[in-house]
Each structure stands twice: as structure tokens, then as C-alpha cells.
Amino acid sequence: MQRILILCVGKMKEKFYIEAAAEYQKRLSPFCNLEIVELPEERLPKDPSQAQIDAALSKEAEAIRKKLPPRTALIALCIEGQLWSSKDLAQHIRCWGAHQENRLAFLIGGSNGLHPSIKAEAWARMSMSPMTFPHHLARVMLLEQIYRTYQINGGTKYHK
């Protein structure tokens, strides 16, 4: 069974996001070993300077690195990443599945995004859209797309 790790900077608080994420986690349980790890978002002053933001992102990147298991293929979700269709994602996950020694990790940054160094270390950068979404909504969207991936790869009618 595939191992998928979702690393998220920031904790979900809104009940509707928590419930939606839990539903997709339940749906995914027959298809993969899914682990979601929430990392704390660095606190910043009300009007932070760019230097303060960069320092916070650097600290978050270090925390991310500490949570990445060895031999992990990291996919960073960021606006400048590649736009993949659902079928593209399904193909990537299917190809990754041929390498069972690896774990696939998706990385969702906090409200200030991700440090450039962690994006540079990623195996791939994926964009959900050129639009900006709250990172908590991005988590639910990612979970749905991973579920859709297994449906595409399984040949079901879920993906139309």
C-alpha cells in the first residue's frame, strides 16, 4: 500500500475544513497509508518586514526537513509550480507507486508560502491554480485530488 505524507504549515481550526478533510481521509484509507502532519506557523508581527517573513519561512523550512522521512519524493504546492490535471497527478502517483521504497510527501505552506530553499529541494512543484486559496482549503482540495487519483487509476466512474 502506498505511503503518502501531507505536511501542512498551520493548524486547521474551522470545523467545515476539518470535517471535509476527515471525509477524504476516510475515503483514502483503503488505497494508501495517509499521514497528515501539521507544523506550527511562525508568528510574525502585524506588519512584518520582508526580512522577518524570510526568517520565519527559513525556520518553517527547517521544521519541514526534520519531518521528512528518508527517501521521500517531495512535491511542494506553490503558485509558481506546474499545473497538473487530475490525470497528470494520477500518472505521477502511479509511477511513484512502482518505487515502493519511497514515500510521497506533499507540502502545503502557511499564509506566507514556502521558503525558496525547500521549494528547490522538492522533486516537483505543483500548482493547484494560478488563483490563491487559503492553505486549509488547499489541503481539502489536495485530499480530494489524491482520492480522485486512486479512482482514475482504478478505472472507476468517480472521475468524469
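## The largest pocket

Start with β3, since that strand gives the most to the lining of the largest pocket: four residues. This is a predicted model, and in it the pocket has a volume of about 450 Å³. Twenty residues make up its lining, and the ones closest to the centre are L77, C78, I79, T132 and F133. If you're sorting the lining by element, β3 and α5 are the ones that give two or more residues each.

## The main core

Now for the nonpolar interior. The largest nonpolar core holds 28 residues, and I6, I75, F106, M126, L142 and I146 have the most contacts inside it. Plenty of elements chip in: β1 (2–9), α1 (15–28), β3 (72–83), α3 (86–97), β4 (103–108), β5 (124–127) and α5 (135–154) each supply at least two residues. The largest share, seven residues, comes from α5. As general background, nonpolar side chains in soluble globular proteins tend to be buried together.

L142 is a handy residue to click on here. Leaving out residues up to four places away in sequence, L142 touches I6, L77, F106, I108, M126 and M128. Among these, I6, F106 and M126 are also on the list of residues with the most contacts inside the core. L77 turns up elsewhere too, as one of the residues closest to the centre of the largest pocket.

## A second core and a cavity

There's also a second, separate core of 14 residues, which includes L7, A61, I64 and I118.

Some of those names come back when you look at enclosed space. The model has one cavity of 30 Å³ or more, and about 30 Å³ of space lies in the largest cavity. Its lining is made of V9, L57, E60, A61, I64, G109, G110, G113, L114, H115 and I118. So which element gives the largest share of that lining? Helix α2 (residues 50–67) does, with four residues. A61, I64 and I118 belong to the second core and also line this cavity.

## How β1 and β2 sit together

Back at the start of the chain, β1 pairs with strand β2 (residues 32–39) in the parallel sense, over eight bridges. To find the pairing on screen, look for Q2, which stands opposite C32 in β2. Between the two strands the chain passes through α1, and this β-α-β crossover is right-handed.

Both β1 and α1 came up earlier: each supplies at least two residues of the largest nonpolar core.

Notes:
Residues are numbered from 1 along each chain as its sequence is written. This is a predicted model: local features need pLDDT of at least 70, side-chain atom pairs count only at pLDDT 80 or more; totals for chains, interfaces and linings use all residues. Side-chain values use heavy atoms; hydrogens and water are left out. A nonpolar core is a set of buried Ala, Val, Leu, Ile, Met, Phe, Trp, Tyr and Cys residues joined through side-chain atoms within 4.5 Å. Buried means under 20% relative accessible area, exposed over 50%, partly exposed in between (1.4 Å probe, protein chains only). Contact means heavy atoms within 4.5 Å. Two strands pair if DSSP finds at least two bridges between them. A crossover is right-handed if, with the strands pointing away from the viewer, the path from the first strand over the helix to the second runs clockwise. On a 1 Å grid over the protein atoms alone, a cavity is a set of points where a 1.4 Å probe fits but cannot get out, and a pocket is an open set with protein on both sides within 12 Å along at least five of seven lines; lining residues have an atom within 4 Å of a point. Grid points are joined across faces, edges and corners, and a volume is the space filled by probe spheres set on the points.
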